[in-house]
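Student: I would like to go through this model with you and ask, term by term, what the descriptions rest on.

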Amino acid sequence: MSDPQGDPAAGDASPGPLKLATRVVHAGLEPDPTYRSVIPAIHQTSTFAQPSVGEFVEDYDYARSANPTRAALETALGELEGGLGTSFSSGMAATHALITAVCSAGDHVVLPADLYGGTFRLVDKVLTRFGITYTMVDQTDLDALAVAVTDATRLVWVETPTNPLLNVVDVAGVIERIGRTHPAFVAVDNTFATPVNQRPLELGADAAVHSVTKYLGGHSDTVGGAVVVRDPEVHERVRFVQNSVGAVPGPFDCFLVHRGLRTLHLRMAAHARSAEAVVEFLVGAPAVSNVRWPGFSGMVSFQHPDAIGIAERTKLFTLAESLGGVESLIEVPQAMTHASVEESDAAVPADLVRLSCGIEAPEDLVADLRAALPAA
Ligand SMILES: Cc1ncc(COP(=O)(O)O)c(C=O)c1O
């Protein structure tokens, strides 16, 4: 956690002259140079006119390679995570780009024992076919992690808090522990924490990866991803994969995510307030067990024998995959987001319910859950 004690809305622990709350509002935004519009134009174009062969502005020759609306978002993402940003058409495309930019055939990857099912599926079902091997380990156990890292380990993939069990991994501890024995690249999936609560590069990690579909976009209206790295050489490799594979976000999606970023600090504070109220209710509710909340953000999970019934009865909490939008969502991971880890070491309990607490009035969210839980 970069700022565990401070007020996230104030961004008290952020580095540099400007507070985080100021940076999220301004990051990557300059008035349009032609008409001075405060919000730059959306460059909804596939290509750029060249007055003569090879003559074009900056690197804007073709929009898979570069687009000004995307560049503005990438600048903002880099500013907020403290590194060099590249954006993608989904969180999975970002994850794929980072892993393939860093790893080659024969390399070994360490994955968390519980993680987003799609990340597991990408490594287990796709990348192993290209000679990558992996080990899964509970990364809250640094001794077990040290055993899992070998001479062949090129990448340690951290997800914290984890999806859906919300385990918190000590990023600085991971780096310190493996740094003693092996110089592996450490990437952190920062989707659940966001840079408001955790800035992996400041903690010593080499990369932060996001599904911007979630909190960064924040309004459940677009799918996207991002990679932010410290090292310019790794950044070039990530951009090379971005251009070679072509999983780029469209300009309008970039605009939406960039607009969402500008209220990130306010939304994260409101999500946490909702989650806190929901947790207070769930802890005392009949037949509810294992209530989990990392103490920040809006993600809560719990177990209940009637998990599916509860998910189908709530009204304000919409039954849907995804998370991190202003509206509250509910799901049963085993049957929904995590079906791809069934039968694997990352399998999740069938009675687990995952909540994405939105920014509605907390008391309304509690009342919705109270009505959906079976009477004792
Ligand atoms: C932690 C985490 N990482 C990555 C992803 C993949 O993101 P996307 O759905 O944008 O491809 C998800 C999606 O739920 C996620 O929860």
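Tutor: We will take the helix packing, the ligand shell and the domains in turn, bearing in mind that this is a predicted model.

Student: Why are α3 and α8 called oblique to each other?

Tutor: Helix α3 (91–102) and helix α8 (residues 232–245) pack at an angle of about 120°, with their axes 9 Å apart. Angles of 65 to 115 degrees count as roughly perpendicular and those over 145 as roughly antiparallel, and the value falls in neither range, so the pair is oblique. The crossing of α3 past α8 is right-handed.

Student: Which residues make that contact, and how do they divide by class?

Tutor: From α3 come Ala 97, Leu 98, Thr 100, Ala 101 and Val 102, while α8 contributes Val 234, Arg 237, Val 238, Val 241, Gln 242 and Val 245. By class, these residues of the contact are 8 nonpolar, 2 polar and 1 charged.

Student: What makes a residue part of the shell around the ligand?

Tutor: Its C-beta atom, placed from the backbone, has to lie within 6 Å of the ligand, and 15 residues surround the ligand, the closest being Ser 90, Gly 91, Tyr 116, Ser 211 and Thr 213. Both α3 and α4 (117–126) give two or more residues to this shell, which by class has 4 nonpolar, 9 polar and 2 charged residues.

Student: Where do the domains run, and how many residues does each give to their contact?

Tutor: Domain 1 covers 20–261 and domain 2 covers 264–372, and their contact takes 29 residues from domain 1 and 29 residues from domain 2. On the side of domain 1 that touches domain 2, the largest share, 4 residues, comes from α4.

Technical notes
Residues are numbered from 1 along each chain as its sequence is written. This is a predicted model: local features need pLDDT of at least 70, side-chain atom pairs count only at pLDDT 80 or more; totals for chains, interfaces and linings use all residues. Ala, Val, Leu, Ile, Met, Phe, Trp, Tyr, Cys and Pro count as nonpolar, Asp, Glu, Lys and Arg as charged, and the others, Gly among them, as polar. Axes are lines fitted to C-alpha atoms, for helices over the stretch in contact, and angles run from 0 to 180 degrees between N-to-C directions. Angles under 35 degrees count as roughly parallel, over 145 as roughly antiparallel, 65 to 115 as roughly perpendicular and the rest as oblique. A crossing is left-handed if the near helix is turned anticlockwise from the far one by less than a right angle, and right-handed if clockwise. Two residues are in contact if their C-beta atoms, placed from the backbone, lie within 7 Å. Domain bounds come from an automatic or database domain assignment.
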